[in-house]
Amino acid sequence: MTQETNNLAADLWALADLLRGDFRQSQYGRVILPFALLRRLECVLESSKSAVLAEAAKVEKMAIAEEAKEKLLLRATGGLSFFNTSPMDLSTLGESGIKANLERYIQCFSKDAREIFDHFKFAEFIGLLGDANLLYKVVQKVRTMDLHPKAVSNYEMGLVFEELIRKFAESSNDTAGEHFTPRDIVRLTTSLVFMEDDEALTKPGIIRTIYDPTAGTGGFLSAGMEYVYELNPQAVMRAFGQELNPESYAICKADMLIKGQDVSNIKLGNTLSNDHLYASNFDYMLSNPPFGVDWKKIEGDIADEHTLKGFDGRFGPGLPRVSDGSLLFLLHLISKLRDVKDGGSRIGIILNGSPLFTGGAGSGESEIRRHILESDLLEAIVALPTDMFYNTGIATYVWVLSNKKPAERKGKVQLINGANLCGKMRKSLGSKRHVMDEADIATITRCFGKFEVVEAQALDKPAEVKSNRGRQAANPKPEAIKTFASKIFATHEFGYRRITIERPLRLSWQFSDERIASLRFESGALGSAMQWIYSEYGQAQWSDEAGCPQYGQLGQHHVEIRAYLKSHFADLKEKQIKDLLDANTWLAQKAVLRKARALQDVIGSAQHDDFNGYDEAIKAASKQAGITLDAKEKKQMADAVSWKNPAAEKVIKKVHKGIIEYQADGELRDFENVSLDPSRTVSESVEAYFIAEVQPHVPDAWIDASKRDAKDGEIGIVGFEIPFNRHFYQYQPPRPLEEIDADLDAVSAEIMALLREVHS
């Protein structure tokens, strides 16, 4: 931002001095922004004012519809797409009737311009200013400001509006980054998206469309148009956008109005749940969607489109988790791509790190990445420096996508690490502490344009200034060298198959007194509570003999038991408490205990390390003892008398045509990621990996062949991730142990000296 635009923004924001006391801080922007817009529109219209008034006098006498009148008046503006038919301006509104005059002045704007002030609820604030006797003072201050296009260009005016919104956001604890993107990031993203089409854009008579689904104040739309006009002033650019925030939408619409765009193409509303441009496709798309914002409020609409329309809608590939909707915006943009036969499209979108790797194989995020990479839409990802945005300091990335890749880029993805290409700002703006200058942007765009691999090269950037507060290490760790690098990968290199590795269940069993005793209590939620009740009220009074009348009778202790359970077993529900106090619950468990003891008399209490003979042993012992076990009793008994033992025999699940299938141990289940390899079949890749990486360590393991990918039906679930930082990681050796020991000794000596001072 230049000093001139900064001063202009400061002058406009100085209106807050008039508002202080009568308006809350959070209301300042709602007064200052529309007045700044009004003055700008007035200055733009100044040259055509007399022609419009003359034409208005003629048109007023015609008996034609309002729309027809507007079209006739627009011809008199000399190419502008709005007008004002009032003979007044801010300097002639007067003082006595200023409220009525200003409202009438606003109503004399053309329809699109009037709507801008409606979204600011300007009439409401005019009334509040009038009630506070401030309206005339504010108008007198605003009317003196020179916002003529000759003095302040559209680009500079955009910067002024952004600075005003930033100040407004700060004063109201709002999030400035939701409304606009810093201009250095806009310039970089725009260059990456447009540069490959530079030659085509210079041809005469070209007409191109540009779209931003999160338009904010229109920064991306303006930058895209400026880029093309610099190459070809005769080009025709048509801007389209949608914005959720009414104030940002109003500023964007005003900016497009001033630039002569058809503002009916700028829509208000939620792009994801209500796409107002659903039937449109575009040549160029730019977006900076909000980072990490959940989409729970519109989950029903999104899920319905995904389920009912599939790939005929926008969200066919999958849905990300509800906590972050960034990838939904990316899918939305992909759905707007022109068909390749119609010229194709290019996309530039700014995302945080989450879309690169969040979600394992088969998740919505992974399936979205899979769709993008298998469709060969991703051209490049550029890592930006941290602290580049007004509302967050997190790592961010520019994704560049296209369905018209040049031949050398087909099947390839370029990763560019520009995380160190920045300089420190003299004064921070919110969370923005770093800025990319023209040289930094050129370094990235040149690397992208050449599609080249760049080994880590040192940058001539100053080292981070370390805090000198506190104790400083005698031998500080050396500062990591700031580098720039670029790598190129085949798309399949980001993919893998997640295979499920199973190991056999190995069980031992034993009808010992200790294990059988646990059958007195139910397994699960009631177990611990039953043990406490038995130790307190049953152990000394109840007999395990068949005819004990007291067993399970707790009537006289209900009050104490309930009180204890409420305080120590708060998760228990009322029904469970009633079951605990019911004698039938205790008698049922006693019956299981007695059956187990009867089986123990037959089987004995020896340990067995082969569970495969358990069922036969129980069956034979039950017959000999004359007892029967239902399914529930069998399971509870088996759980009580068995345990996992790595030295035991493998438990056989079934034998089919001589092939033994073992029972899998869920606790030993593991997953392995096998890199995709187009040169071999899936079976060959998976088997080779298993033999080399798994079998040497766990010889009894096997691959669960039932876990197959839903799309190709092959073994393993396909997943895709882009581990950006891993590819650019630079190893930094730790300091020598001698230096660390020396630092520790110095600290220890300091501590001892301080302790001696205290004791003395």
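**Buried residues and nonpolar cores in a predicted model**

Phe690 counts as buried, at 9% relative accessibility. The model in which this value was computed is a predicted one, and Phe690 offers a convenient way into it. The residue is found in helix H27, which covers residues 682-694. Beyond its neighbours up to four places away in sequence, Phe690 touches Ile501, Gln695, Pro696, Ala701, Trp702 and Ile703. From Phe690 to Ala36 the chain runs over 654 residues, and the two C-alpha atoms are 68 Å apart in space.

With that residue in view, the overall dimensions can be set out. The protein has 760 residues, and 47% of them count as buried. Its radius of gyration is 37 Å, whereas a compact globule of 760 residues would have one near 27 Å. Taken along the principal axes, the C-alpha atoms fill a box of roughly 115 × 85 × 70 Å. The secondary structure comes to 29 helices and 20 strands. Among contacts in the protein with a separation of 6 or more, 77% are made by residues 24 or more positions apart.

The surface and the charges complete this general picture. About 37,800 Å² is exposed by the protein, and carbon and sulfur atoms supply 50% of that area. There are 93 positive and 108 negative side chains, and the centres of the two sets lie 3 Å apart.

Attention now turns to the interior. In soluble globular proteins, nonpolar side chains tend to be buried together. In this model, the largest nonpolar core has 102 residues, and those with the most contacts inside it are Phe35, Leu38, Leu102 and Phe194. Helix H3 (residues 28-45) gives this core its largest share, 12 residues. A second core, separate from the one just described, has 42 residues, including Leu272, Ile302, Ile347 and Tyr397.

Phe194 deserves a closer look. Leaving out residues up to four places away in sequence, Phe194 touches Leu201, Ile210, Gly224, Tyr227, Val228, Met237, Tyr284 and Leu286. Leu201, one of these partners, has its place in helix H12 (residues 198-201). Leu201 counts as buried because its relative accessibility is 0%, under the 20% limit for that class. With the same sequence neighbours set aside, Leu201 touches Phe194, Ile206, Arg208, Val228, Leu231, Asn232 and Tyr284. Val228 and Tyr284 thus appear among the contacts of Phe194 and also among those of Leu201. Leu201 and Phe521 are 320 residues apart in sequence, and their C-alpha atoms are 80 Å apart.

Another buried leucine is found in a loop. Leu519 has its place between helix H20 (513-517) and helix H21 (527-538), and its relative accessible area of 1% makes it buried. Apart from neighbours within four places in sequence, Leu519 is in contact with Gln589, Val592, Leu593, Ala596, Gln636, Met637 and Ala640. Glu661 is 142 residues away from Leu519 along the chain, with 31 Å between the two C-alpha atoms.

Residues with polar or charged side chains can be followed in the same manner. Glu305 lies in helix H15 (residues 299-309) and counts as buried at 15% relative accessibility. Its contacts, not counting residues up to four places away in sequence, are with Gly310, Gly313, Arg314 and Phe315. His371 is found in helix H18 (residues 364-374). With 19% relative accessibility, His371 counts as buried, because the class takes in values under 20%. Outside the range of four places in sequence, His371 touches Phe311 and Pro317.

Two loop residues, finally, are of interest for their backbone. Asp387 is not a glycine, yet it has a positive phi of about 60°. The residue is found in the loop between strand E6 (378-383) and strand E7 (396-402), where Asp387 counts as buried at 14% relative accessibility. Phe451, also a residue other than glycine, has a positive phi near 50°. The loop that holds Phe451 runs between helix H19 (438-450) and strand E11 (454-458). Phe451 is buried, with a relative accessible area of 14%.

Methods
Residues numbered from 1 in each chain as written. Heavy atoms only, no water. Core = buried A, V, L, I, M, F, W, Y, C linked by side-chain atoms within 4.5 Å. Buried < 20%, exposed > 50% of the residue type's maximum accessible area, 1.4 Å probe, protein only. Helix = DSSP H or I, 4+ residues; strand = E, 2+ residues; numbered from the N terminus. Contact = heavy atoms within 4.5 Å. Rg over C-alpha atoms; globule rule 2.2 N^0.38 Å. Areas by Shrake-Rupley, 256 points an atom, 1.4 Å probe, with all protein chains shown as cover. Lys, Arg positive; Asp, Glu negative; His and termini not counted. Charge placed at Lys NZ, Arg CZ, Asp CG, Glu CD.
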